Amino acid sequence: MKKSVVPRAAILVLALAPIFCLAQQAANQNNRPVLLTGEVQAKNAQGIFVPPSNSSPVTIKNFVPEGTVVKTGDLLLRIETSNAENIEKLQSEIQKTSAKTKMDVAKLDVDALNAEKEFIIAKATLAKALVNAALPKVQISALDYDKYQGEKEHAQRDVIVKQQAFDNAKLAAKRRQQDGDLENKKQLIYLAFAKAELAQSEVHATQNGIVTYAYNEWRGERFEEGSSGFPGNMAGQVMSAGGLQIQTWALEADRPYLNEKQTVQLSFDALPGSRLEAKITHIASAPTPHASWGNGRYFKIDIDLPKDHGLKLIPGMSVLIEPKKVTKATAKGTAETSAKTSISANSKVQKPGKAASNEINIEGDVQSHITIPVVPPTIRNIWNYTLFQIAPEGSIIEPGQMLAMFQASEISKQLEVQKSALKEWQRSLEKFKLNQRELEKSDELAVQEAQSNADKAAKKALMPKELIRRVDYDKLVIEKGMTSDLAALAARLQAAQSRYREAEYNGNIAQIAQIQNTIDIYSKGQEALTVNAPRRGMLLYKTDFSGNKFTSGAQIWIGMAVASLADPDKLFVNAKVPEAQVSDVYIGQAARVTMSSGNLQLNAKVTGLGNVFHGKSAKQAIVVRDIELEFDAPPKGLKPGSAVQVTLFKDQKTVTTTSPTSTVSGKGL
């Protein structure tokens, strides 16, 4: 059978086929399209973050209105904290510690003086024992001689013991003073820290700019005055004159097709038809997780906008980014024009085409320009409350009337404990005052007695030495010196005991003041559990984290607003326009506001456009822009919080609104 022979050329083709396939795949990958989405961001913007706090959530206070022009150092917002009460508590504790240290040191000084007294007596006893022990053995009986020798040895040992006790007493007083100084220093550090925390509860501008509010996607609302937030939340930004840039994130798989200085084409949902060419200025060196985009790892990419691009860009706008392919044919031209940017179709801005519809229908809700949050009071060591009672939703509350009543059983318990402790300390103070008078008399008598003994001993020592035995004379001289030292010591002891009693009295006063301060705090907090209306308004319930409205019996964390008091005479409509339709919305645009029930229609005009774009809510990722509408005439029968349908009329500044049940027109607010 004849063998078939495969040509060498065919073998070569078969061998090189895999290589050709790989080369073809590589060529296809180089042509792989990459599309990115990003958003417009402000350069060098100062983030306004909710300050740190020992409790959360917290209530935002004194938040400057959006659009306010601020300067470096201006107050932007603050939060309610218990740091002011903590500072008062620490100051009270410092006074208490100081008094306690003085009392303990004075007590140890008294002990040291008593030890010194024992030491003086021991030395005098030893001196007398030495006089007796010096008598010759032949002049006294053997029994007396042994007795005197034994007394000398005992007195010597006693002097050593008393000396050591005296030294230990002095060291104890010194150590207690040092410990007190350290404790005082530690408390001063705590006080400085508490003051620093109080200072951190306020956020100030670090640069000149315009304030814009951020959007709380979790709760589906903007941060504003009275909002609840968690420490670290971004409540807004101070937009400086640093310009805008594009920020996007690229998956690891797309990174090989992107390079710095690469030209990209930008298109904006809010500006249909508008396209820009820009360049990538920075790509992160390493990928990082970006949970809001997905479970992968992403490279952060910054894109600078060309100067004088002519587009009205706003932070938060969505951007579609299409990198341009770099080829050998276009590399040279790209390098020559790297310093320039252009807009496609030889025009900076392409005007959007006319929309088919003359109306934009969006959803909104009625709000009030003046809204006061209803929150539980901030009370030391109280974190959880029970909403015991709340006024009916939608009711008109007059000034001074109850809005809500909270309960915290711990407050009543603490008040009972503190009041009981206060009575006990007050009784102890009265008893101390009575005992102090007796002790002062006793100390005075002790000084007089010591001085009297010193005078007697001095007189005895004046007896002629020739008239008495030498041994007795030496003992009288020793007695004179001892009583003189004890008399001086008695005066010092009286002064030390007086200082001790004064320190003890001040310590009792400081303890009583601290307890009274705690009682005042809890009493004030107990009164604040009933929240009354500071002005006339309509009560509107808020929702919890589950989306349910707060009702009686609900458990409330500190800083959570359960309702708001809205001025029914300062109403406006807040609505959200999808990004793709924003280009058709402008200030002064005519609109029709329709109640959800459809039985009331009102004329309105667009009076404000949001300074940023944001996600509509945590469940709806669509990018929107807030707008505000004012009614042409004061609305009647409309309540804050009502859901409404808003119809915006393109290229129209006046509109006649007719309702099945009512027609409203007239002068605006």
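Start by selecting Glu-116: with a relative accessibility of 15%, it counts as buried (buried is under 20% relative accessible area, exposed over 50%, partly exposed in between, with a 1.4 Å probe and protein chains only). You are looking at a predicted model, in which local features need pLDDT of at least 70, side-chain atom pairs count only at pLDDT 80 or more, and totals for chains, interfaces and linings use all residues. Numbering runs from 1 along each chain as its sequence is written, and side-chain values use heavy atoms, with hydrogens and water left out.

**Stop 1: Glu-116 and its partner**

Which residue forms a salt bridge with Glu-116? Add Arg-492 to the selection: the closest N and O atoms of the pair are 3.1 Å apart (a salt bridge is a side-chain nitrogen of Lys or Arg within 4 Å of a carboxyl oxygen of Asp or Glu). The two come from distant parts of the chain, 376 residues apart, with Glu-116 in helix H2 (residues 83–133) and Arg-492 in helix H6 (residues 470–528). Helices (H or I, at least four residues) and strands (E, at least two) are DSSP runs, numbered from the N terminus. Unlike buried Glu-116, Arg-492 is partly exposed, at 43% relative accessible area.

**Stop 2: more charged pairs**

Side chains of opposite charge can pair when their charged atoms come close. The whole structure holds 22 salt bridges, so here are a few to click through.

- Arg-470 and Asp-474: N to O is 3.5 Å. Both sit in helix H6, four residues apart, or about one turn of the helix. Arg-470 is exposed at 51%, while Asp-474 is partly exposed at 23%.
- Arg-535 and Asp-567: this salt bridge has an N to O distance of 2.9 Å. Arg-535 is in the loop between strand E23 (530–532) and strand E24 (537–541), and Asp-567 is in the loop between strand E26 (563–566) and strand E27 (571–578), so the pair ties together parts 32 residues apart in sequence. Arg-535 is partly exposed at 32%, whereas Asp-567 is buried at 7%.
- Lys-100, Asp-104 and Arg-176: select these three together, as they are linked in a network of salt bridges.

**Stop 3: the barrel**

Now switch to cartoon and colour by strand. Six strands make a closed barrel in the order E18-E27-E30-E29-E28-E31, with antiparallel pairing (two strands pair if DSSP finds at least two bridges between them). On average, neighbouring strands of this sheet are turned by 40 degrees against each other, direction ignored. Axes here are lines fitted to C-alpha atoms, for helices over the stretch in contact, and angles run from 0 to 180 degrees between N-to-C directions.

Zoom in on E30. Is this strand enclosed or open? Eight of its nine residues are buried, so E30 is largely enclosed by the rest of the structure. On one pairing, strand E29 (residues 601–615) joins E30 (residues 623–631) through eight antiparallel bridges. E27 also pairs with E30 in the antiparallel sense, over six bridges. Put Arg-625 of E30 in the centre of the view: Phe-613 stands opposite Arg-625, and Arg-625 is also the bridge partner of Val-577.

**Stop 4: the nonpolar cores**

The largest nonpolar core has 51 residues, and those with the most contacts inside it include Ile-246, Leu-266, Phe-268 and Ile-627. A nonpolar core is a set of buried Ala, Val, Leu, Ile, Met, Phe, Trp, Tyr and Cys residues joined through side-chain atoms within 4.5 Å. Strand E14 (residues 271–283) gives the largest share of this core, five residues. Apart from it lies another core, of 33 residues, among them Ala-391, Leu-429, Leu-539 and Leu-565.

Next, show what surrounds Leu-266. Leaving out residues up to four places away in sequence, Leu-266 touches Ile-246, Leu-276, Leu-305 and Val-319, among others (a contact means heavy atoms within 4.5 Å).

**Stop 5: two unusual loop residues**

Most residues other than glycine have a negative phi. Lys-261, however, has a positive phi near 70 degrees. Lys-261 sits in the loop between strand E12 (244–251) and strand E13 (263–268), and is exposed at 68%. Asp-308 has a positive phi too, near 55 degrees. Find Asp-308 in the loop between strand E16 (297–304) and strand E17 (318–323), exposed at 63%.

**Last stop: zoom out**

The protein chain has six helices and 31 strands, and 41% of its 669 residues are buried.
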